Amino acid sequence: MSSPGWRSGVLARARPLTPTARSLVFTVEDWPGNEAGQHVDIRLTAPDGYQAVRSYSLASAGFGAGSADQPELELVVDRLPDGEVSPFLVDELEVGDTVELRGPLGRWFVWTPQQTRPVQLIAGGSGVVPFVAMARAHAGAEGAAPMRLLYSLRSPADAFYRDELSSPTASVDTTWHYTRAVPAEWPRSAGRLTADDLARETLPASARPLIFICGPTGFVETVARAMIELGHADDDIRTERFGGI
Amino acid sequence: MAVFGGRRREENPDLPPGQHLTDGFPVLSAGPTPRIDEEDWAFVIQTETGVTHRWSWAELLALPSEDITVDIHCVTSWSKLGTGWRGVSLDTLFADVETSLEFVMVHSYGGYTTNLPLEEILDGKAWVVYEFDGESLDPEHGGPARLLVPHLYFWKSAKWVRGIVMQDDDEPGFWEENGYHLHGDPWREERYA
Ligand SMILES: Cc1cc2nc3c(=O)[nH]c(=O)nc-3n(C[C@H](O)[C@H](O)[C@H](O)COP(=O)(O)OP(=O)(O)OC[C@H]3O[C@@H](n4cnc5c(N)ncnc54)[C@H](O)[C@@H]3O)c2cc1C
């Protein structure tokens, strides 16, 4: 077994998704494609050789919007105001610039069309990124079991891919939950996800769903514990922690 | 072209390549955090002859313990220097274990596994620890007890440890089957297979 090395990725397109987050599409020569849910490491090098590495989930599956000949991958980076790497990727990296990428990484937090069980995805903030890839893979897979997404976010302005996730033709069924500010006429008030919310808004244990939880570490811990209390088995829950508290 | 400045951190000879320092204690695990009562807890070592050595929680605490101060390195690229632990050396636990096999599979509550060569956990290289920073170990960080193998990436330091089974070959454990390196030496950057 050889270590997968670093590949060059050239920023092909970029667009802001929210005031703090930016979608970045890279073309990567020899990119082997990826499964939905995997991530890459990005390495940045300063002129004096100093390097920083961070992990980012892939919002794309397969070869992204590209092809086997011209593979692409998509990331979404949310800016942490005091961060070292994310402000650079969100505010500074320009189309045509090159970064180093390693991956695809992770073979556990993945959804493939071969999975036949119903799927419940639960995202906190930018934790929705790997689920966008799963929703895209799901849309391309005929006859796959139902996929639901519960997306917890601060306010309506913080939504990534609202149109894609809430389109009537979307193959994933998305429920939105707001923790700080809700849209006009929204039936619920803003607040953190509670066990009651999870009981109401997610597939019940009796449906034996496969559950994926992704977001800041604290969010993942709280939600995973609540799902176990709702009767789901440990083995049915897969988690990805982005860091932070 | 955008030029990455980076936040110049001090050159630190204790940091393996590609690692950065953290003051926090991030959590990385594949699933939810299992909660295990100390009364239900036990640690076993099982050999090829089927012999099982078993310690209850009280028996573990009664064994000679050591204070360990070590640097830890997570594969997701954070390192924490000078962390303080308390626990029992695997040399103590293996004192009466007879085996001719050279590899182990470590098992955890919650189903996690990780593989190691036996020689990498003996001779003062690994412990079953139950205190961090003078406090009992939080479930998030592997409590009631976890393995501590500080010279390898931290996924080898299995949280919620429940036992060790001797094995013939270096069969991969959980993360090792899911793309991580079979061995995991941070100084050689053995991150991914
Ligand atoms: C498997 C994996 C996938 C990830 N996928 C994504 C993704 O798709 N999009 C994305 O934007 N980020 C993702 N992250 C987080 C990302 O790797 C970085 O941690 C994040 O961009 C911050 O890096 P930074 O250099 O800007 O901040 P740093 O300089 O590393 O940290 C600045 C401060 O923020 C805190 N902090 C670090 N990470 C977080 C966090 N996630 N939440 C809150 N506080 C934090 C630190 O403790 C520190 O105090 C992922 C992380 C992992 C492990």
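A residue is called buried when its relative accessible area is under 20%. This definition will be needed on the tour of this predicted model.

**The whole chain.** Begin by selecting all of chain A. Its 245 residues form five helices and eleven strands. The radius of gyration is 18 Å, close to the 18 Å that the globule rule gives for 245 residues, so chain A is as compact as a globular protein of that length. Along the principal axes, the C-alpha atoms fill a box of roughly 50 × 40 × 35 Å. Buried residues account for 52% of the chain.

**The surface.** Next, display the accessible surface of chain A. The surface amounts to about 10900 Å², and carbon and sulfur atoms contribute 50% of that area. Then colour the charges: the mean positions of the 22 positive and 31 negative charges lie 4 Å apart.

**Helix 5.** Now select residues 217–229 of chain A, which form helix 5. This helix has 13 residues and reaches 19 Å from its first C-alpha to its last, close to the 18 Å expected at 1.5 Å a residue.

Which residues of helix 5 are buried? They are A:Thr217, A:Phe219, A:Val220, A:Glu221, A:Val223, A:Ala224, A:Ala226 and A:Met227. An α-helix has 3.6 residues a turn, so residues three or four places apart point the same way.

**What covers the helix.** Keep those buried residues visible and add their cover, which includes strand 7 (119–124), strand 8 (147–153), helix 4 (195–201), strand 10 (210–215) and strand 11 (237–241) of chain A.

**Just after the helix.** Finally, select A:Gly231, which follows just after helix 5 and takes a positive phi of about 105°.

Technical notes. Residues numbered from 1 in each chain as written. Chains lettered and ligands numbered in written order. Predicted model: local features only at pLDDT ≥ 70, side-chain atom pairs only at ≥ 80, totals over all residues. Heavy atoms only, no water. Helix = DSSP H or I, 4+ residues; strand = E, 2+ residues; numbered from the N terminus. Expected span 1.5 Å × (residues − 1). Buried < 20%, exposed > 50% of the residue type's maximum accessible area, 1.4 Å probe, protein only. Contact = heavy atoms within 4.5 Å. Rg over C-alpha atoms; globule rule 2.2 N^0.38 Å. Areas by Shrake-Rupley, 256 points an atom, 1.4 Å probe, with all protein chains shown as cover. Lys, Arg positive; Asp, Glu negative; His and termini not counted. Charge placed at Lys NZ, Arg CZ, Asp CG, Glu CD.
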